[in-house]
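Biologist: Got a minute to walk me through this one? I'd like to go over the contacts.

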Amino acid sequence: MAKKEDDKGTNPGLNTPLLDQLEGGPWPSFVSDLKQWSETKPQVAQLLNQLEESYENRWNYWTGTVLNVSGYGGGVIARLSDKAEKYPDLAEFHTIRVIPPPGFVYSTERLRNLADICEKHGAGILQLHGLTGDALALGFDNESTFAAAEELMANGWDLGGSGAALRSLQCCVGQARCEMACFDTMKTTRFLTNHYIDFLHRPEFMYKFKIKISGCANDCANAMIGSDMPIMGTWRGPMQIDQEKVAEYIEEKGIEHVIDNVITRCPTRCISVKGKQLLVDDENCVRCMHCINVMHKALKPGKDQGVTICLGAKRTLKIGDTMSSVIVPFLKLDSEKDFENLTDLIDRMWEFWNDNGMDHERIGEFIARVGLGTFLEGCGIEPDPRMVQSTRTSPYINFEELAPGNFEGERTQQPKAWNREPETRESTS
Amino acid sequence: MSIEVNGKVIEIDEEGYLVDREDWSEDVSEAIANRDGIDLKDEHMGLVDYFRDYYEEHQVHPTMHVLVQRLGGKIGEKFHEHKEYEKFLYMLFPTDPVSELCKLAGLPKPLPSEHDG
Amino acid sequence: MSATKLAQRDQGAPDYTKCLHPAMVKNYGKWMEHERIRPGVLVYTAENGDKLYTVRAGSPRTMSPITIRKICDIADRYCEGFLRFSTRTNVEFSLTKKEDIEPLIAAIETELGFPIGGTGASISNIAHTQGWLHCNLPATDAAGAVKALMDDLIDEFENENFPNRVKISTSCCQINCGRHSDIAIIVQHHHAPRINHNNMQICELPKVVAICPAAAIRPSVVDGNPTVEVVAEKCMYCGACHGQCPSMEIRDADTDSLSIWVGGKGANTRGGPSLMKLAVWGLPNNPPRWPEVSEAVRTILAAYREGAKDWERVGEWIERIGWQRFFEKTGFPFTKYHIEDGPNAMWTYNRSTHVRI
Ligand code: HEM
Ligand code: SF4
Ligand code: SF4
Ligand code: SF4
Ligand code: SF4
């Protein structure tokens with residue numbers, strides 16, 4: 001619908017007694033902010049009035065639709081108001097997803113640029129950031145969506161992912177400002193975004209695929225339960241211990257504090273205290289970060305760093321929640337070759353999933369259906385005991401190597417298990 | 001809204017989807033394509049036919065996944081390279097090939113369920 | 001739409017190196033330690049001794065350009081023109097001059113009205129979604145519910161008075177965009193979808209049938225038109241069909257209710273990630289301030305603060321004291337609905353004689 005930026009006279013006037021109750025109180029109020037903004041943008045007044053009706057009737061007035069910018073199969077979340085007659089400016093009121101700089105870092109120049117473009121073409125409302133990892137810009141009709149998208153792209157921005165595609169990647173602040181970071185999260189995020197930009201912009205999967213990236217097990221990017229493929233920082237070999245600072249810490253806090261908060265909390269009981277020294281059984285340390293968080297001055301991740309890659313988390317629709325599980329226990333991520341290994345792995349997993357998945361099947365659901373063993377074999381990944389919590393409990397197993405010949409008689413009787421060389425699987429890459 | 005094809009008035013919605021799917025003919029396809037600024041060639045028409053056949057059989061339209069898997073097949077060594085077929089589709093239909101093909105084939109407009117989240 | 005010249009496509013993620021504070025560029029990967037000056041204010045020290053102070057402020061997430069520009073003004077004044085947003089929608093202002101911290105905080109508080117906090121063992125900003133403001137599925141609001149709750153919990157945002165951090169999320173439909181959190185507020189539907197048979201022609205029926213996880217939907221014919229029907233006894237009110245097809249209305253303004261789930265955790269620390277579990281159900285969906293939800297959240301928080309050991313997250317605390325004690329301490333009833341059903345249910349029963357008597 002036509003924008004009416006300069007004709008403030010048509011502002012229908014706000015009537016929002018319920019929303020007004022969200023103006024008081026100490027937490028910053030989006031209602032006050034949007035009210036103020038509605039002086040400039042009349043459609044925002046309509047938005048607030050419609051929201052008020054939602055509050056009054058506990059009912060929603062948006063319908064979803066599909067809209068795409070030329071060359072893209074996603075990135076616009078298109079909404080039509082059910083109350084367009086009453087609120088003509090909301091008839092088309094879409095959100096554009098914009099890929100933010102990795103780690104959500106901005107220069108004010110960039111952020112102002114984003115706000116200016118969104119104000120120029122649409123309602124100008126920004127949400128920083130959506131849980132999907134995008135910067136969200138609200139309030140464009142069809143025409144202004146296209147215009148805004150062009151101007152955004154002309155200014156170095158790109159649209160985010162939506163639909164059955166790779167979604168915008170998200171990472172923690174990592175090495176830019178965190179001493180815990182075990183690899184370069186921002187670089188990895190930008191690299192993967194750009195490498196797989198085709199998959200992000202032009203959906204072709206059965207369903208969405210999210211990659212989120214955290215510099216260590218603390219998972220500030222919420223990757224473990226919020227993405228199909230968390231890439232998590234970790235290390236090999238011993239962690240770094242500064243025994244002098246350990247002694248200082250013990251002197252300051254007392255030995256009981258250390259026992260209660262560090263020693264007894266280690267999930268594998270692999271850390272112990274001897275006098276004023278800490279001993280870590282590095283072979284059994286599972287890199288959970290707990291002791292490092294508590295004694296962050298004395299302890300640090302080890303020096304030989306890399307990532308653990310997991311796979312499969314999603315929220316509850318349809319088969320119930322799945323959690324990510326380990327798919328690559330350790331991978332270095334420094335050199336170009338390392339990054340090639342990573343994309344090679346992703347390519348193989350996507351290929352197997354895409355060739356065999358069903359419509360609307362997330363990769364976690366797919367693995368749950370076919371079994372992790374089958375999945376690994378399909379992707380040419382060697383099984384590794386670090387991928388499981390325990391071996392199986394069900395004794396009903398199809399041992400391919402031990403199965404007798406087919407009834408068709410193609411396969412002859414196999415040699416007895418104890419006479420045979422164990423078969424090693426070649427990776428199919 | 002409506003368009004006129006061979007002297008017959010055919011109702012379409014704002015975006016150009018047929019209101020009554022029975023109205024479809026190749027000429028209607030062509031008229032809708034013109035409206036969207038697409039010059040229909042054999043490649044386009046072949047895909048429109050594929051969409052109609054697929055819908056006839058499954059009562060759902062083919063997703064991009066289906067197109068890339070079944071029509072594109074394996075191109076190149078790496079999974080990455082099979083994007084070529086999709087790029088080709090975007091060349092034919094720069095704005096959302098699947099929606100556009102549904103429109104040209106006289107199928108229902110795809111719903112946003114696959115587009116959000 | 002036929003723009004004459006199209007801008008360049010597929011540029012990907014913006015160059016972050018141009019968006020980093022100079023001290024971050026200089027010390028990228030060379031940070032050594034951090035320390036908390038006060039809740040909301042941290043100092044990071046690099047190997048070479050450089051110090052970077054970071055002030056974290058809670059934002060409402062949904063902001064107008066007026067607010068965005070105010071944020072930029074402040075970052076220009078104190079932070080050399082750089083800033084960052086955290087995963088939980090806080091704004092982080094980084095600066096190298098210690099003497100600027102107080103003026104910066106004063107500017108944030110007076111010009112923006114944003115509170116300072118959200119670090120360490122506090123309640124950080126609530127992860128939320130679109131709600132009635134802009135989604136097509138919600139049965140309740142998101143930003144408003146967060147505003148009401150954070151008004152209530154502001155002290156906990158500005159201080160670090162918990163055994164460990166507490167992450168809260170809200171979800172405005174059963175799709176649960178809010179994800180797992182220490183405390184999560186979720187909408188619950190209570191009826192099978194109402195089908196608008198007149199409008200089923202817009203959907204592709206096999207897709208609607210296939211989407212149902214309970215196999216409750218089957219094809220049918222009404223007035224000669226193909227449509228679907230729902231076997232009400234099988235339906236578990238998940239709303240998956242509603243996401244697929246707008247003509248399958250799952251919401252009901254009169255009966256939709258809210259429930260609270262506890263113990264979700266994404267971090268791998270100690271016991272690793274965990275899913276959240278049901279604590280309270282049947283709270284009214286009561287805009288504009290949802291007082292019943294606030295009260296229940298505060299009850300859980302009070303019991304957690306009182307009972308948990310340092311570093312225990314909500315889920316770890318409950319795991320240690322057991323659910324029986326959780327219900328005792330919070331006073332919420334334990335009902336048959338708290339017991340899991342479905343294929344994995346057996347694994348959630350108490351399969352031992354370990355009982356606190
Ligand atoms: C028609 C269906 C859907 C709609 C309209 C929808 C809408 C959205 C929106 C608007 C967001 C961003 C929220 C924000 O930050 O503002 C989101 C995020 C999310 N959605 Fe959906 N969604 C849909 C389907 C699903 C389904 C089926 C699932 C789960 C299987 C799902 C899981 C999530 C999750 C976990 C997030 C959080 C973001 C993340 O972890 O990256 N959504 N969705
Ligand atoms: S996930 Fe680890 S590396 Fe990343 S910001 Fe958090 S603590 Fe730092
Ligand atoms: S990192 Fe975790 S597993 Fe390793 S020693 Fe510390 S507490 Fe134990
Ligand atoms: S939780 Fe549901 S209603 Fe809320 S934003 Fe996500 S999909 Fe929309
Ligand atoms: S609400 Fe869920 S269980 Fe019920 S019919 Fe719809 S999809 Fe099936």
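Modeller: Sure, here is a quick chat about the interfaces, domains and ligand shells. Keep in mind that this is a predicted model.

Biologist: Start with chain C and chain A. How many residues does each put into the contact?

Modeller: Chain C brings 119 residues and chain A brings 118 residues. Together the two chains bury about 10,400 Å², and 59% of that is on carbon and sulfur atoms.

Biologist: Which three residues of chain C supply more of the area buried against chain A than any other three?

Modeller: Trp132(C), His134(C) and Arg179(C), which supply 8% of the area that chain C buries there.

Biologist: OK, and the charged side of things: how many salt bridges across the interface of chain C and chain A?

Modeller: Ten salt bridges turn up there. Glu92(C) and Arg177(A) form a salt bridge through their side chains, N to O at 2.8 Å. On top of that, 56 residue pairs are in polar contact between chain C and chain A, counting pairs with both residues at pLDDT 80 or more.

Biologist: What classes of residue are on the side of chain C that touches chain A?

Modeller: That side has 54 nonpolar, 36 polar and 29 charged residues.

Biologist: Switching partners. What does chain B do with chain C, in residues and buried area?

Modeller: Chain B gives 15 residues to that contact and chain C gives twelve. The buried area is about 900 Å², with 53% of it on carbon and sulfur atoms.

Biologist: And how many salt bridges between chain B and chain C?

Modeller: Zero salt bridges by the rule. There is one residue pair in polar contact, again with both at pLDDT 80 or more. On the chain B side that touches chain C, you get five nonpolar, six polar and four charged residues.

Biologist: Let's go inside chain C. Which domains does the assignment give?

Modeller: The assignment splits chain C into domain 1 (16-112), domain 2 (131-189 + 253-348) and domain 3 (194-249). Domain 2 is written as two segments, 131-189 and 253-348.

Biologist: How far apart are the C-alpha centres of domain 1 and domain 2 of chain C?

Modeller: Those centres lie 30 Å apart. As for touching, eight residues of domain 1 of chain C are in contact with eight residues of domain 2 of chain C. Between them the two domains bury about 580 Å², 52% of it on carbon and sulfur atoms.

Biologist: Which residues make the salt bridge between those domains?

Modeller: The count is one salt bridge. Arg36(C) pairs with Glu160(C), and the closest N and O atoms are 3.0 Å apart. Two residue pairs are also in polar contact between domain 1 and domain 2 of chain C, both residues at pLDDT 80 or more. The domain 1 side facing domain 2 has two nonpolar, four polar and two charged residues.

Biologist: Now the ligands. What's around ligand 2?

Modeller: The surrounding residues include Cys172(A), Cys178(A), Cys216(A) and Cys220(A), along with Val173(A), Met180(A) and Asp219(A). By class, the shell around ligand 2 has seven nonpolar, three polar and one charged residue.

Biologist: And which residues are closest to ligand 5?

Modeller: Ligand 5 has 14 residues around it, and the closest are Cys212(C), Cys235(C), Cys238(C), Gly239(C) and Cys241(C).

Biologist: What classes are in the shell around ligand 5?

Modeller: That shell has 13 nonpolar residues, one polar and no charged ones.

Definitions and conventions: Residues are numbered from 1 along each chain as its sequence is written. Chains are lettered from A and ligands numbered from 1 in the order in which they are written. This is a predicted model: local features need pLDDT of at least 70, side-chain atom pairs count only at pLDDT 80 or more; totals for chains, interfaces and linings use all residues. Side-chain values use heavy atoms; hydrogens and water are left out. A residue is near a molecule or strand if one of its heavy atoms lies within 4 Å of it. Ala, Val, Leu, Ile, Met, Phe, Trp, Tyr, Cys and Pro count as nonpolar, Asp, Glu, Lys and Arg as charged, and the others, Gly among them, as polar. Domain bounds come from an automatic or database domain assignment. Contact means heavy atoms within 4.5 Å. Buried area is the accessible area (1.4 Å probe) that two parts lose on being put together, summed over both. A salt bridge is a side-chain nitrogen of Lys or Arg within 4 Å of a carboxyl oxygen of Asp or Glu. A polar contact is a pair of N or O atoms within 3.5 Å; within protein, one must be able to donate a hydrogen and the other to accept it, and residues adjacent in sequence count only if both atoms are side-chain atoms.
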